[in-house]
Each structure stands twice: as C-alpha cells, then as structure tokens.
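Here is a short report on a protein model, written to be read beside the structure. Keep the view open and find each residue as it comes up.

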Amino acid sequence: MALFYLVSIAIAAVMFLPFLWSLITSLKPSEDIFTFPIQWIPSKLTLEHYKSAFTTVPFGLYFWNSLVLAVAGVLANLFFGSLSGYAFAKLPFRLNKPLFRVLLLAMMIPGIVTMIPSFYVLRHIPFAGGNDWLGGGGNGLLNTFWGIILPGASGSFAVFFMRQFFLTLPNDMMEMARIEGCREFRIFWNIYLPLTKPALATLGIFTFQAGWNSFLWPMIVLNDPNKATIQMGLQAFSYNHQTDFGPMMAGALIAVFPILVLFLLLQKYFVQGIAFSGVKG
Amino acid sequence: MASAGKLHRHQARTAYLFITPTMLLFLIFTVIPVFMAFYLSFTNYDVLSHMDWAGWDNYRRLWQDSLYWLTFKNVLYYSVIFVPLNILISIGLGVLMNQRLRGIRLFRTLNYLPTLTSAVAAATVWVWLLHPEYGLVNGLLSYLGINGPAWLAQTETAMMSIILVTLWQSVGSNMVIYIAGLQGIPDYLYESAKLDGANAFQRFRYITWPQLRPTTFLVSTMSIIGALQLFDQAFVLTQGGPGNVTKTPVYLIYQQGFNQLQMGYASAQAFVLAIAILVFSFINMRLNKSEEPVV
C-alpha cells in the first residue's frame with residue numbers, strides 16, 4: 001500500500017512537473033527566469049508574459065484560426081462519419097463489406113505516403129483558386145482552410161468508430177419506423193443518431209484534439225501568415241524568441257488550454273473513448 | 001415477396017447516398033494520392049515547371065544519398081529504443097493504475113495529462129526544461145551534484161532527449177488502453193493460479209502478459225507507425241541537429257519536397273519509408289502471433 005502510493009506519487013510528479021514548471025516560468029518576472037539554482041517561488045506574480053505573447057505575435061488570430069479549423073473538422077467528421085457509419089452498420093447493400101474493408105485497410109497506410117500527392121491534388125482541384133476545369137493555372141485549394149478541412153472531413157477512423165457503435169444498437173426501431181412510413185434519413189437522424197451521443201462526444205473530442213494539435217499539414221498548406229494556426233505560431237514564436245522563455249511558456253500553455261478544459265469537462269468520455277477504440281480497434 | 005425486394009433496393013440506394021460524401025473524399029484524398037505517390041516518385045515534379053517522366057533516376061539517386069540513409073538510421077535508432085520502452089512503461093503504468101485504491105483517478109489523470117498536449121507545445125516546454133544552464137532537468141540534477149549535459153545541443157544526448165519527451169507524451173494514452181485490456185481479463189484465471197501457488201511474477205508472466213497480447217499488438221503497431229514518422233518533436237526540439245543526428249526521414253522529405261521543391265525525389269523517399277513502415281508492422285504482426293497462447 002505505502003509502496004504503491006510512493007511509486008504513484010513519484011511517477012505523477014514526473015508527469016506533472018513540466019506543466020507546473022512552465023506555469024511558474026510564465027508567471028515569473030523576467031529577471032527571475034534566469035537564476036541559478038532554481039527559484040521555485042517567483043518573487044512576484046506577473047501576467048506580462050501572457051500580454052507579450054499576444055502583442056509581439058498575433059496569437060489571438062492564430063488561436064481563432066485553429067479554433068475554426070478544429071471545430072469544422074469536428075462537425076464534418078461527426079456528420080459524415082455517422083452517416084456512413086450508420087449505412088455500413090445498418091443498411092444492407094452489395095458493396096457494404098468490400099468498401100468497408102478498403103476503408104479499414106486505408107487506416108494502415110502511413111500518412112507520409114499521401115502527403116505530397118495530396119498537396120498535388122489540392123493544387124489541381126478544378127475551378128478552385130483560379131484553376132480551370134482541368135485543374136491548371138491557379139493554386140487550387142492551397143493556402144485556404146478548405147485544404148485543411150476537406151482531406152480530413154470524413155476520416156476512416158470516424159466511419160469505423162461510428163459503425164462499431166451503431167452495430168450495438170438494435171434493428172427493431174428501424175423496422176417499426178419503416179412500418180410507420182418514416183423516411184430513411186429521418187430514421188437515421190431522429191431515431192438512431194440521438195442514441196449515439198456518447199460515441200459522438202468521444203469522436204468529437206478526438207477530432208478536436210487532432211485538429212487543434214496538428215502541425216505538419218497546416219504548415220504545408222497554409223503560407224499566408226494571417227492563416228497560421230496556433231501550433232505554427234507557437235513554433236515560429238519559439239524560434240524567433242529563443243531566449244524569451246517567459247512568453248514562450250505562456251504561449252505553450254495557451255496552446256494547451258482548450259484541450260485541458262475540454263478534458264476536464266468531458267473526462268468520462270475521454271477515457272471511455274480511448275478504451276473503446278483501443279480495445280476494439 | 002415483391003415489397004421486400006423493393007424495400008431492399010430502397011435501402012441500398014439510401015446507403016449509397018449516405019456513404020457518397022465519405023467515399024468521394026476517400027477517393028480524392030486517399031485512393032488517388034496512394035497511386036499518385038507511386039507515379040510521382042518516377043517523375044521530376046517540382047511544382048513550378050513541366051513534369052517529366054524520370055524513370056528510375058530518383059531511386060538511383062536515393063540509393064546513393066547518404067543523408068537519406070542517415071535519417072533512416074536515426075529513426076531506427078529512435079524506434080528501437082522508443083517502442084519497447086513505450087510498451088514496458090505503459091504496461092507497468094497500466095498494472096499499477098488498475099488497482100482500486102483511493103486517489104487512483106487523480107493519479108491516472110496526472111499520467112494522462114501529457115497526452116493531451118500538442119507535440120509542438122510539449123516540445124516547446126521541454127526546450128526550456130532541458131535548457132543547459134537554467135533548465136529544470138539540470139537544476140534537479142545539480143541537487144544531486146551532477147553537472148547535466150547540454151541535452152539538445154550535444155550529439156550524444158539529442159536523440160535521447162527526443163525519446164524522453166515522446167515517451168512522456170505517449171505513455172498516458174497507452175496506459176488507458178492497457179487498463180481497459182487488464183479489466184477484460186477474467187478474475188477466475190488469477191484465482192485458480194493463486195490456488196496453484198503461482199507468485200505475482202508468474203501470474204503476470206503466464207496470465208497477464210499472454211492475455212494482453214491483442215492490446216500489446218495494437219499499442220506496438222501504433223507506436224511503430226508513429227515512431228518511424230517522427231517529425232514534430234525533432235522539428236521543434238532540435239531542428240534536426242546537432243550535425244543531423246536527429247534529422248528524420250519525414251523531416252528530410254518535408255525539406256526536399258516543400259523547401260527545395262524536389263517533389264518527385266521526395267515522393268521516392270516517402271514511398272521507400274512507407275514500405276519500411278509496412279514491413280516493420282508486418283514483422284510486428286508475426287512476432288505477436290508466434291508466441292503460443294498459454295491460457
């Protein structure tokens with residue numbers, strides 16, 4: 001018992017210390033940051049680093065851009081993922097199994113393979129960004145938010161995850177509704193979808209986290225500094241301000257903040273979701 | 001039954017309608033790119049000028065590109081240390097955190113927190129923690145009278161630092177997967193083993209470990225796929241340095257493709273890396289199957 005607590009506390013301390021240390025650093029006056037040995041308690045608390053994080057770099061704008069992208073990603077995945085997940089789980093059609101297998105197989109493909117060709121495809125989307133109908137001439141969807149949203153709008157994982165959940169729901173509600181003359185979309189939307197709220201919540205959290213935290217793909221697609229995401233901003237910011245650790249820590253904490261809030265609000269779903277997708281995936 | 005057939009057709013039509021958006025996006029952003037990756041790797045595509053067929057040129061060049069193989073060696077070195085440690089630590093945490101004791105939820109939460117952070121934010125924080133003079137890590141070491149190294153700036157410790165940071169960030173979610181796996185093991189197995197006089201280590205070796213094989217397979221496959229595509233942390237923590245020791249294939253592909261616009265060549269690099277990832281996942285699959293189930 002005592003040993004268990006000793007070990008657990010030690011591990012938890014190691015895991016939590018980086019958060020605590022960046023929080024302390026972000027609240028210290030600049031002259032306290034570079035002291036040796038370590039100064040655990042700041043001589044006074046100050047928010048100057050948070051202020052300078054927002055004024056030296058357009059951090060508020062980056063925050064907003066990331067929020068738009070992440071929320072769009074969540075809505076698209078919840079809608080398209082559950083729509084297809086429902087079809088694969090509940091509706092009989094000839095290509096059901098083969099198409100689903102192909103989707104599953106695609107989850108095994110490492111992201112690096114599709115990176116360059118996806119860039120090519122985005123650039124050559126017809127009629128977008130000054131392109132002609134053959135996809136030539138302009139920049140396509142590069143440097144637009146669509147270039148981030150569309151490739152991830154209905155991920156294989158979302159479809160798979162929702163399908164697994166729909167499979168656990170009984171079929172007789174569907175049959176009842178059909179006898180009553182209910183249209184197929186309404187059966188999905190009004191009867192089955194409301195029952196998947198826990199799954200939607202879990203998937204929503206995952207998608208938000210992935211969208212908010214993604215770095216490489218936005219960096220490739222977006223060139224306009226006004227469209228930069230918070231992760232790109234944070235990186236550029238830490239690169240340009242190598243020695244300015246106060247604002248850097250403030251920025252890092254701001255970049256983590258929305259996920260932490262989401263986690264604290266929806267902790268139950270978070271853990272369930274990982275367990276569910278982990279074990280059955 | 002004519003009406004049943006009609007209903008069936010109607011449902012099938014609805015189903016196709018429902019999956020159309022997904023399949024369309026899947027076609028445009030997965031199926032086409034996968035085939036195109038192969039095609040592009042045989043061209044000299046550079047975004048700006050006309051794309052020409054280059055035959056095996058890219059692969060010939062790749063074969064002699066020592067930097068590319070260096071990045072491969074780096075990421076293999078990283079994976080060989082990271083993947084087993086990741087599994088050992090998460091399984092350890094899973095067993096430790098699978099008890100019914102007071103405060104367990106708080107401990108689990110604290111272990112899980114790092115997983116929520118973005119790679120960029122985590123790496124940014126660790127740049128400061130690993131600061132040679134004023135960083136927390138060396139500060140704590142100095143309490144023990146140890147003069148810590150310049151973690152990210154020395155060739156000997158740079159990759160170790162990345163391993164440390166990525167482990168800190170990934171063991172939490174794997175712990176949760178392992179806890180779920182552990183809770184799926186039926187109690188009677190342990191009870192009968194206890195009756196047979198098995199000690200704690202034997203119970204772990206002959207019950208827990210084999211019963212967790214599907215979980216371990218999942219966790220190890222995911223970590224191999226992730227590890228061989230290491231990018232974010234290497235980009236933020238060390239910018240591939242010092243002396244290229246932390247430069248990874250994805251990093252090189254990014255530079256080659258998007259900074260130097262040699263997309264054809266970068267595609268060949270990506271294609272070879274993808275095959276390596278599939279090969280390692282496959283080896284992992286065989287390894288996980290080969291051990292005979294004991295229970």
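In this predicted model, the side chains of B:D57 and B:R60 meet in a salt bridge, with N and O 3.0 Å apart. Both residues sit in helix α2 of chain B, which runs over residues 57–64. They are three residues apart there, so about one helical turn separates them. In general, an α-helix has 3.6 residues a turn, so residues three or four places apart point the same way.

How accessible are the two partners? B:D57 is partly exposed, with a relative accessible area of 42%. B:R60 reaches 51% relative accessibility and counts as exposed, because the cut-off for exposed is over 50%.

The count over all chains is two salt bridges. Another salt bridge joins A:R178 to A:E184. Its closest N and O atoms are 2.5 Å apart. Here both A:R178 and A:E184 are buried.

| Salt bridge | Closest N to O distance |
|---|---|
| B:D57 with B:R60 | 3.0 Å |
| A:R178 with A:E184 | 2.5 Å |

**Where the chains meet**

How many salt bridges link chain B and chain A? The count is zero. Polar contacts do occur between the two chains: 14 residue pairs make one, with both residues at pLDDT 80 or more. The largest share of the side of chain B that touches chain A comes from helix α1 of chain B, residues 2–40. That helix gives 24 residues. By type, the residues on this side of chain B divide into 64 nonpolar, 21 polar and four charged.

Now take the contact as a whole. In chain B, 89 residues are in contact with 93 residues of chain A. The area buried between the two chains is about 8200 Å². Carbon and sulfur atoms give 81% of that area. On the chain B side, B:F18, B:F29 and B:W128 lose the most area to chain A. Together they account for 10% of what that side buries.

**An enclosed helix**

B:W128 also appears among the buried residues of helix α5 of chain B. This helix covers residues 119–129. How many of its 11 residues are buried? The count is 11 of the 11, so the helix is largely enclosed by the rest of the structure. Its buried residues include B:A119, B:T124, B:W126 and B:L129.

The UniProt record, an unreviewed entry, marks residues 109–129 of chain B as a "transmembrane region". That span is 90% helix and 0% strand. Its end C-alpha atoms lie 22 Å apart. The same annotation also covers residues 15–42, 75–97 and 263–283 of chain B. Residues 75–97 are 96% helix and 0% strand, with end C-alpha atoms 31 Å apart.

The unreviewed UniProt entry also gives chain B a "domain: ABC transmembrane type-1" annotation over residues 72–284. Over that stretch, chain B is 76% helix and 0% strand. The end C-alpha atoms of the stretch are 18 Å apart.

**A serine in chain B**

B:S267 is found in helix α13 of chain B, residues 263–290. Is B:S267 buried or exposed? At 3% relative accessibility, B:S267 counts as buried, because buried means under 20%. A polar atom of its side chain lies 2.8 Å from the backbone oxygen of B:M263. Leaving out residues up to four places away in sequence, B:S267 touches B:A37, B:L40 and B:S41 in chain B, and A:I116 in chain A.

**Over to chain A**

Chain A has 15 helices and zero strands. Its C-alpha trace spans about 75 × 65 × 30 Å along the principal axes. Of its 281 residues, 53% are buried. Among contacts in chain A with a separation of 6 or more, 65% join residues 24 or more positions apart.

One residue to find in this chain is A:L69, in helix α4, residues 59–90. A:L69 is buried, with a relative accessible area of 8%. Which residues does A:L69 contact, leaving aside its neighbours within four places in sequence? They are A:F145, A:I148, A:I149 and A:T229. A:F54 is 15 residues from A:L69 in sequence, and their C-alpha atoms are 20 Å apart in space.

Conventions:
Residues are numbered from 1 along each chain as its sequence is written. Chains are lettered from A and ligands numbered from 1 in the order in which they are written. This is a predicted model: local features need pLDDT of at least 70, side-chain atom pairs count only at pLDDT 80 or more; totals for chains, interfaces and linings use all residues. Side-chain values use heavy atoms; hydrogens and water are left out. Buried means under 20% relative accessible area, exposed over 50%, partly exposed in between (1.4 Å probe, protein chains only). Helices (H or I, at least four residues) and strands (E, at least two) are DSSP runs, numbered from the N terminus. Contact means heavy atoms within 4.5 Å. Buried area is the accessible area (1.4 Å probe) that two parts lose on being put together, summed over both. A salt bridge is a side-chain nitrogen of Lys or Arg within 4 Å of a carboxyl oxygen of Asp or Glu. A polar contact is a pair of N or O atoms within 3.5 Å; within protein, one must be able to donate a hydrogen and the other to accept it, and residues adjacent in sequence count only if both atoms are side-chain atoms. Ala, Val, Leu, Ile, Met, Phe, Trp, Tyr, Cys and Pro count as nonpolar, Asp, Glu, Lys and Arg as charged, and the others, Gly among them, as polar. UniProt positions are given in the numbering used here, feature names are shortened, and annotations may be inferred rather than shown by experiment.
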